Structure formats: structure tokens, C-alpha cells
Amino acid sequence: AATVESLAHRGTFAIDGSPFAGTGDRVRFEPGGPLYSDKPPLLALIASGAATLVSWIDPSASLDATGPHAEARVRRALWWSTFLTIGLSATLLPLAVRGLALAAGHKRGPALGIGAVALGGTLALTYSTTLAPHTPVAALLAASALALTKRRYVTAGLLTGLAAAALSLGPTQTFITLLTGARNARCLPSGLSRGEVLSGLP
């Protein structure tokens, strides 16, 4: 929330002036320098854009923590930011997993159940209510695996790169792990080489 508020109001990733800067997840790169969140900035950047858009549409939802009714405004803005980033990305996860199940040969009914379990039967649903990257990353990786089954290598590379940026993971390592899992699940053609897949990396 500190980075989101700082980007929305001061246009900076530094969180020194944010009322949410009391978080323990922060880092100072040099003595006397500004404080930053130790989380990757991609999600905060997207969420700050969502918060700004919401505040234009609904003035009662704002990350401005000053003045009367500030707490209610901030809570409303954070709710909308979380819904527009985490909540909507959570809908992608069961759809992508359902697609993977269909690609693996399951019928529509069981595939739908597998997709539902991917969201409702895991921690993805819990994390869908907080501004954390776990659910979007799971959705991006599932969508990337689905793109691989359709031989859309550039799309798969882009989605995996976004997931890596959200969690600061090496995209090559993530991609190879993803490919191995999909191969083991028999979702990919046996002739597909790692070289072909990695050619789609952004």
C-alpha cells in the first residue's frame, strides 16, 4: 500500500512520505537515502494506476490519507485497487487451468471442476483478497502453460516474463520448470524442444 500511495500521490517509488511506510517490508539502498518497499514494483505500479482511475470516477475512494473521513476513503480505494488487479486476475487462473485440463484430454465437466479447484481449493482464493502478487503470478504461469500447448511461444514467453517480473524470478528457470511440468502432464507435443520454447522469451 505504501508504494501504491506514493506513486499515486507523489509519483515516486520512495515511500518515506507515505502514511503506510510503517511496514517492515522496506529497504534503504544507501545510508540516509530514501526508503523503498522490498517488493517488486510491477504490481504496485498497476495498482496505483487503478487507484488513480477509481479516484477520478469516485471521489469517495482515494489514497489521500489527510482530511475528514480519510480512513474510509483509503479503505475504499484499496478495495478497488485490489479488486481491479488481484481479483480480476484471479478469474484468469481457473480458466487457464480448465484449458490445460482440456488439453490433457479431460472432458468438459471434469475440466471445469479442475479449474474451480485451482482457485477455490488452494491459497489462491485467500491471496485474492490482498494486494500481493501470488495469485496474478499463478494465473500468468497457468496462462503461459496453456499458450505452450497451442505453440504460441511468444505469448508464453511474455506471460512468463511478466510473472518473473512480479516475483523477481529468473524467467528462464521459471520457463523450464513450467515446460517440464507441462510435458509431464502430457500437455505438450513430444517433439517440442526447450530451444523452441525459450525462443519465445521476451
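In the predicted model, A21 counts as buried, since its relative accessibility is 9% and the cut-off for a buried residue is under 20%. The position of A21 is in the loop between helix 1 and strand 1, the latter spanning residues 26-28. When residues up to four places away in sequence are set aside, A21 touches A2, I15, D16 and R26. The C-alpha atom of A21 is separated by 9.7 Å from that of E5, a residue 16 positions apart from A21 along the chain.

The protein chain as a whole contains nine helices and two strands, and their order along the sequence follows the pattern α-β-β-α-α-α-α-α-α-α-α. Of the 202 residues in the protein chain, 40% are buried. The protein chain exposes about 10,900 Å², and 63% of this area is supplied by carbon and sulfur atoms. Among the contacts in the protein chain with a separation of 6 or more, 48% are accounted for by residues 24 or more positions apart.

Three helix pairs are described here in turn. Two packed helices are described by the angle between their axes and by the distance between the axes. Helix 1, comprising residues 2-10, packs against helix 2, comprising residues 42-57, at an angle of about 55°, and their axes are 8 Å apart. Helix 1 is therefore oblique to helix 2, and the crossing in which helix 1 passes helix 2 is right-handed. On the side of helix 1 the contact is made by T3, V4, L7 and A8, and on the side of helix 2 by A44, L45, A47, S48 and T52. Divided by class, the residues of this contact between helix 1 and helix 2 are six nonpolar and three polar, with no charged residues.

One of the helix 1 residues in this contact, T3, can be described further. T3, which lies in helix 1, counts as buried because its relative accessibility is 9%. Not counting residues up to four places away in sequence, T3 touches F13, I15, S37 and A44; of these partners, A44 is also among the helix 2 residues that make the contact with helix 1. I15, a partner of T3, is likewise touched by A21.

Helix 2 also packs against helix 3, with axes that come within 8 Å and cross at roughly 130°. Helix 2 and helix 3 are therefore oblique to each other, and helix 2 passes helix 3 in a right-handed crossing. This contact involves L43, I46, A47, A50, A51 and V54 from helix 2, together with W80, S81, L84, T85 and I86 from helix 3. The contact of helix 2 with helix 3 comprises nine nonpolar and two polar residues, and no charged ones. A47 of helix 2 takes part in the contact with helix 1 and also in the contact with helix 3.

The third pair is formed by helix 3, spanning residues 70-103, and helix 6, spanning residues 134-149, whose axes come within 8 Å and cross at roughly 30°. Helix 3 is therefore roughly parallel to helix 6, and the crossing of helix 3 and helix 6 is left-handed. From helix 3, the residues I86, S89, A90, L92, L93, A96, V97, G99, L100 and A103 meet T135, P136, A138, A139, A142, A143, A145, L146 and T149 of helix 6. By class, the contact of helix 3 with helix 6 has 15 nonpolar and four polar residues, with no charged residues. I86 of helix 3 belongs to the contact with helix 6 as well as to the contact with helix 2.

The loop between helix 6 and helix 7, the latter spanning residues 153-167, contains R151. Most residues other than glycine have a negative phi. R151, although not a glycine, has a positive phi of about 60°. R151 is partly exposed, because its relative accessible area is 40%. T155, which is placed in helix 7, is also partly exposed, with a relative accessible area of 38%. The C-alpha atoms of T155 and S144, two residues that are eleven positions apart along the chain, are separated by 7.1 Å.

Methods:
Residues are numbered from 1 along each chain as its sequence is written. This is a predicted model: local features need pLDDT of at least 70, side-chain atom pairs count only at pLDDT 80 or more; totals for chains, interfaces and linings use all residues. Side-chain values use heavy atoms; hydrogens and water are left out. Helices (H or I, at least four residues) and strands (E, at least two) are DSSP runs, numbered from the N terminus. Buried means under 20% relative accessible area, exposed over 50%, partly exposed in between (1.4 Å probe, protein chains only). Contact means heavy atoms within 4.5 Å. Accessible areas come from the Shrake-Rupley method with a 1.4 Å probe; for residues, only the protein chains shown count as cover. Axes are lines fitted to C-alpha atoms, for helices over the stretch in contact, and angles run from 0 to 180 degrees between N-to-C directions. Angles under 35 degrees count as roughly parallel, over 145 as roughly antiparallel, 65 to 115 as roughly perpendicular and the rest as oblique. A crossing is left-handed if the near helix is turned anticlockwise from the far one by less than a right angle, and right-handed if clockwise. Ala, Val, Leu, Ile, Met, Phe, Trp, Tyr, Cys and Pro count as nonpolar, Asp, Glu, Lys and Arg as charged, and the others, Gly among them, as polar.
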